[in-house]
Amino acid sequence: MPAPANSTRLLTSWGGIGVPDFCDDALVTRETVADGPASSPDVWKDRKLPGLADVVAVRHQLLYDLHADAPCATVGVKPGASLTFDPTKKTRLPTVNLVVY
């Protein structure tokens, strides 16, 4: 079975069904470069926060402290990384796909 057009590979097969990797490194448009709060430009490659339709790779310890209205296409929490929501703030993370490795 070929990979969907929006994915370059399939994750491990489960029950003979391939699961698309919606956060394959070839698809990533925004990624973390350091631990810290999601609202800090210092956390993001090129100092740009993710936006509408981005494929986001979380590669560090990310404290999500935003209330976003525009959905990201995908948020992928890569091995060894974490995504934690700030309990002191009203947060919202709209996304089409959430992939936790």
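**Exercise 1. In which strand is the place of Glu31?** Then describe the surroundings of its side chain.

*Solution.* A quick word before we start: this is a predicted model.

Step 1. Find the residue in the chain: Glu31 sits in strand β3.

Step 2. Check its accessibility. The value for Glu31 is 19%, and since buried means under 20% relative accessible area, Glu31 counts as buried.

Step 3. List its contacts. Setting aside neighbours within four places in sequence, Glu31 touches Val43, Trp44, Lys45, Ala57 and Arg59.

Step 4. Look at the polar partners. The Glu31 side chain makes a polar contact with the side chain of Arg59 at 2.6 Å. Glu31 also meets Lys45 in a salt bridge, with 3.7 Å from N to O. Lys45 belongs to the loop between β4 and β5 while Glu31 belongs to strand β3, so this salt bridge ties together parts that are 14 residues apart in sequence. Lys45 itself is partly exposed, at 40% relative accessible area.

**Exercise 2. How many salt bridges does the structure hold, and which residues are linked in a network of them?** Work through individual pairs as well.

*Solution.* Step 1. Begin with the total: the structure has seven salt bridges.

Step 2. Take the pair Arg59 and Asp25. Their closest N and O atoms are 2.8 Å apart. This pair bridges distant parts of the chain, with Arg59 in the loop between β5 and β6 and Asp25 in the loop between β2 (17–20) and β3 (30–31), 34 residues apart. Both partners are partly exposed: Arg59 has a relative accessible area of 30%, and Asp25 has 49%.

Step 3. Move on to Lys89 and Asp65, whose side chains form a salt bridge at 3.9 Å, N to O. Here, too, distant parts are linked: Lys89 comes from the loop between β8 and β9 (95–100), Asp65 from the loop between β6 and β7, and the two are 24 residues apart. Lys89 is partly exposed at 44% relative accessibility, whereas Asp65 is buried at 11%.

Step 4. Now assemble the network. Salt bridges link Asp25, Glu31, Lys45, Arg59 and Lys78.

**Exercise 3. Which residues make up the largest nonpolar core?** Say which strands supply them, and look around Trp44.

*Solution.* Step 1. Recall the background: in soluble globular proteins, nonpolar side chains tend to be buried together.

Step 2. Name the members. The largest nonpolar core has 11 residues: Ala38, Val43, Trp44, Val56, Val58, Leu62, Tyr64, Cys72, Val75, Val77 and Ala81.

Step 3. Assign them to strands. At least two core residues come from each of β5 (55–58), β6 (61–64) and β7 (72–77). The biggest contributor is β7, with three residues.

Step 4. Zoom in on Trp44. Leaving out neighbours within four places in sequence, Trp44 is in contact with Arg30, Glu31, Thr32, Val33, Ala38, Leu49, Pro50, Val56 and Leu62.

**Exercise 4. What is the order of the strands in the open sheet of three strands?** Identify its edges and one facing pair.

*Solution.* Step 1. Read the order: it is β4-β6-β8, and the pairing is parallel.

Step 2. Find the edges. They are β4 (36–37) and β8 (82–85), each of which pairs on one side only.

Step 3. Inspect the join between β4 and β6. These strands run parallel and are connected by two bridges. Pro37 stands opposite Leu63 in β6.

**Exercise 5. Where does Asp46 lie, and what is its phi near?** Treat Arg47 in the same way.

*Solution.* Step 1. Set the expectation: most residues other than glycine have a negative phi.

Step 2. Compare Asp46, whose phi is positive, near 65°. It lies in the loop between β4 and β5 and is exposed, at 57% relative accessibility.

Step 3. Turn to Arg47, which is not a glycine yet has a positive phi of about 55°. Arg47 is also in the loop between β4 and β5, and it is exposed with a relative accessible area of 51%.

**Exercise 6. How many disulfides does the structure hold?** Add the burial of Cys23 and Cys72.

*Solution.* Step 1. Give the count: there are zero disulfides.

Step 2. Check burial. Cys23 is buried, with a relative accessible area of 0%. Cys72 is buried as well, at 8%, and is one of the residues in the largest nonpolar core.

Definitions and conventions:
Residues numbered from 1 in each chain as written. Predicted model: local features only at pLDDT ≥ 70, side-chain atom pairs only at ≥ 80, totals over all residues. Heavy atoms only, no water. Core = buried A, V, L, I, M, F, W, Y, C linked by side-chain atoms within 4.5 Å. Buried < 20%, exposed > 50% of the residue type's maximum accessible area, 1.4 Å probe, protein only. Helix = DSSP H or I, 4+ residues; strand = E, 2+ residues; numbered from the N terminus. Contact = heavy atoms within 4.5 Å. Pairing = 2+ DSSP bridges. Disulfide = S-S within 2.5 Å. Salt bridge = Lys/Arg side-chain N within 4 Å of Asp/Glu carboxyl O. Polar contact = N/O pair within 3.5 Å; in protein donor to acceptor, adjacent residues only side chain to side chain.
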